[in-house]
Amino acid sequence: MNETAFGANDLDRFRATFFEECAELIADMEARLADVATHTVDAEELNAIFRAVHSIKAGAGAFGLKQLVSFSHGLEALLDCLRDGRIVQDDRISHVLVRAGDVLAALVDAAQGRGALPDNFGADIADEIEALLGDGKRGSVPMPTAAPLPVLSVTGPATGQHRYTIRFRPLAELFRHANEPLLLIREMKRIGTLTTRCDASALPALDALEPEDAYLAWTFELVTDQPLATVTEIFEFVDSDCALDIEQLEPAAAVTASTAAAAETPAAERQIPGPGHLDATNHQPNAHLTPAPTAVAKQPATGRSGSANASIRVDLARIDRLVNTVGELVITQSMLTQQLLEQGGIGTAILRGHEDLSQLTRELQECVMAIRMQPVKSVFQRMPRLVREIAAKLGKEVELVMSGEQTEVDKTVIEELADPLTHMIRNAIDHGIEDPETRRAERKPKVGRIELSAAHVGSNILIHVADDGAGIRRDRLLKKAIEKGIVPPNADLLDSEIDELLFAPGFSTAAVVTDVSGRGVGMDVVRRNVNALGGRIQVQSTPGRGTRFTLVIPLTLAVLDGMAVAVGAERYILPLTSIIESIRPDMRHIRELTGGGQVAAIRGEYVRLIHLSKIFNVPDAITEPWKGLVVLVETAAGGKIGIVVDELIGQQQVVIKSLRENFDAVPGISGATILGTGRVALIIDIEQLPTLGDRRTRQRCDDGSSVAGTRDRPSSAERPTGAVAPPLAATG
Amino acid sequence: MGSPQDQSNSTSTAASAIAAAGEPPNRMLQFISFRVGDQQFATDIMAVREIKGWTDTTTLPNQQEYLLGVLNLRGTIVPIYDLRCRFGLGLTTASRSHVVIIVSVLDRMIGLLVDAVSDIITVSSSEIRPVPEMERATNTEYLRGLISVGDSMVVLLSLETLFSQSPQMDTSTLAA
């Protein structure tokens, strides 16, 4: 590589890529370390963790991140010892591994400029690793930045030498992963005397040559004093991208590479070829075309099955563009359909072709949406570390049980989930789980338990955060709410209403405001975040038994399952997830309240009616609910309201467009979409409707007449007019 | 006022001047002029993204009267303002012959409903005359200057201030 060709931009980009990779590697490592306390890590896992640490170290070295390099180096040495059995995993090691993982993650964050760390951060762990390594009968490990070993100028087999036959056939992937056989050859040359034969028999004629394919294979005879493991290690990073067969000729027993992660590998010999070595072998590709007699072992790629679910990294902005464009395509397509139908007299062939097109477009849209879907694992994975840190800080013992990590949700949603989840888990440990003494006194298990689970429900994701702590202390909550003037002093509230107070702005219930939570950012922010995602959050709590938060969030922010409704000449979209049913009420079940409000008795329950035509000032709309329709919806707070519209037009999936891009937030409207006609339709924000209605009612009269004041015969006269998709029973 | 096309023969000559870097005192500037009622207005050509015929909009609830609603511009939702109404001359009865000028203002795309687009005017910055002080009742904040074209006057609009007075917009953030 010509390094001078890299501008500052390139460097920034490499840096960004490095940190992106780090995040993935750390996530992977954390997942593998998650149950290290209870399980012995097997060889494959150790290898994976080792590779992660090694990659981080290599990248950190390239960017001059010294603290990261030295820490990962120590950790790497420890992993290496574990890997080849010089150190056996015990509780102490498990503990060190977990902590070291945390330190490494923190160091990477710090290197990225997210939060500064003291210079000696992680020194205790590093010392501990050092001590463990001492136990593993190896002293300090040389730093990787040390000068390369002197090139051995051994001319012939000396005593104590091993002979290896290495058959190496790179696959095209090897080149695609930016590996270079020449470097491997140099590496082998450095540790011993190398005889190389190149097999170019697979090389096609020039016109058939695919420049990005791999055609050459090599057979090497290596004479070195190094053990087999060292030789294997040279191929460590390419072993899934090539057919490799390493045979040890002396001693007689031929051992294959995979089975012989041999006993006494020193950790030090692993190194990256320095750029100074240009004494290349002659065996450049197509240097000489003598076919090698040795048949190359047709051994499939061993070890990691990584290439099975190969993935590529794509800039999110590109995907967004793709999603948008496909969204446009869908709209254009349905506009076309509408026009075709309006014209009439179209031949069946055209119609059929059009139908196919329509189907393909939808399939395409689904595929594109699927690209953005990712398992929630990436967020869940961060939580064990959080729990450990907070529990340690608060002197509590907490166990985190996670399930449904594979549940997929749109990438943008995932990113927005991190903060609310972090906050809720922090709260659960701080306010929910009791300290060990209290728990013992309550005859609960000493270790508190937090459950974090995810599941799909319809087009939503359902997330539970449950703890087995003390539950909501309602008396304290109510007292505080009265102190803060959130509720009047003599308020008589239901338990569920008191629980709802948790979400009131500026609330912190902990008796002592701690370092961990209670810094003024409360559950109100969580609810706001969740609502911003088009989701809902609810809480259930049993005193002494624990608290459970339930989040219902749409899988994607890009599309919405909606119900198109007509009000006058306007078309609005109601989010389908909020709709319970739609009915045409009997005239006798509608009551006007003094003050301008209107309620409907629906199956014995009084539901407040909100006329879209009134709050949005739509002319020529139906004003009598019994002539139009009432769409019964559920708000995030769990209340029900009836939205009066002229008629239902139909259920459809709509692409959500932001109004705020070019305009300001409009009360009662959460966004817009484009209908098949090309016209814009507004998406109703159900949560805001009651407040809009209130404002208008209050203007007329400030008489707060209560709903319970009117009595009506409960009836069964409502005629359901096409029940829509079942509402998700958010909390069971 | 006669046919707008006849008004300026100095048009479209120094087109390249607009691209000149730096700020020489007598920079050549280009504006798009358009007609609302019998008055001529102009706005910076660099802000104009597109000019299209009128199509029906979707009404946004509870907004200023001069906000006609939003329309779909190839997947982007763009609010459309009635300039006539904004100037207090009553609502335009929009027809197919009316024109919407899509402009970019403060990183937002908005549409302006006008009667017709007239011309491209190229003038040097020194030819833009300041708006004389008016009595306080007259709101002149959105007037950037006056340009004489032939024997008629074109009012140069400052779109940034023109729409910063809607109650939804936080004027303090737009002051900058």
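This passage describes the fold of chain A, one of its open sheets, and two residues with positive phi.

The model is predicted, and local features therefore required pLDDT of at least 70 and side-chain atom pairs pLDDT 80 or more, whereas totals for chains, interfaces and linings use all residues. Residues are numbered from 1 along each chain as its sequence is written, with chains lettered from A and ligands numbered from 1 in the order in which they are written.

Chain A contains 19 helices and 23 strands; helices (H or I, at least four residues) and strands (E, at least two) are DSSP runs numbered from the N terminus. Of its 732 residues, 34% are buried, a class that requires 20 or more other C-beta atoms within 10 Å of the residue's own, with exposed denoting 12 or fewer, partly exposed the range in between, and C-beta atoms placed from the backbone. Among contacts in chain A with a separation of 6 or more, 73% involve residues 24 or more positions apart; a contact is defined by C-beta atoms, placed from the backbone, that lie within 7 Å.

An open sheet of five strands in chain A follows the order β6-β8-β9-β11-β10, with mixed pairing. Strands are taken to pair if DSSP finds at least two bridges between them. The edges of this sheet are β6 (398–403) and β10 (536–542) of chain A, each of which pairs on one side only. From one strand to the next, the twist averages 15 degrees; angles run from 0 to 180 degrees between N-to-C directions, and axes are lines fitted to C-alpha atoms, for helices over the stretch in contact. Within the sheet, β9 (residues 460–467) and β11 (residues 546–554) of chain A are joined in the antiparallel sense by eight bridges. His464(A) has Thr550(A) in β11(A) as its bridge partner.

Helices also pack on this sheet. Helix α12 (residues 382–394) of chain A lies across β6 and β8 (448–457) of chain A and runs at about 165 degrees to β6(A). Helix α17 (residues 523–532) of chain A touches β10 and β11 of chain A, its direction making about 140 degrees with that of β10(A).

Positive phi values occur at two non-glycine residues. Arg443(A), with phi of about 60 degrees, is located in the loop between α14 (436–441) and β8 of chain A. Arg443(A) is exposed, having 6 other C-beta atoms within 10 Å. In chain B, Asp107(B) has a phi of about 65 degrees and occupies the loop between β6 (99–105) and β7 (108–114) of that chain. Asp107(B) is likewise exposed, with 7 other C-beta atoms within 10 Å.

Notes:
Contact = placed C-beta atoms within 7 Å.
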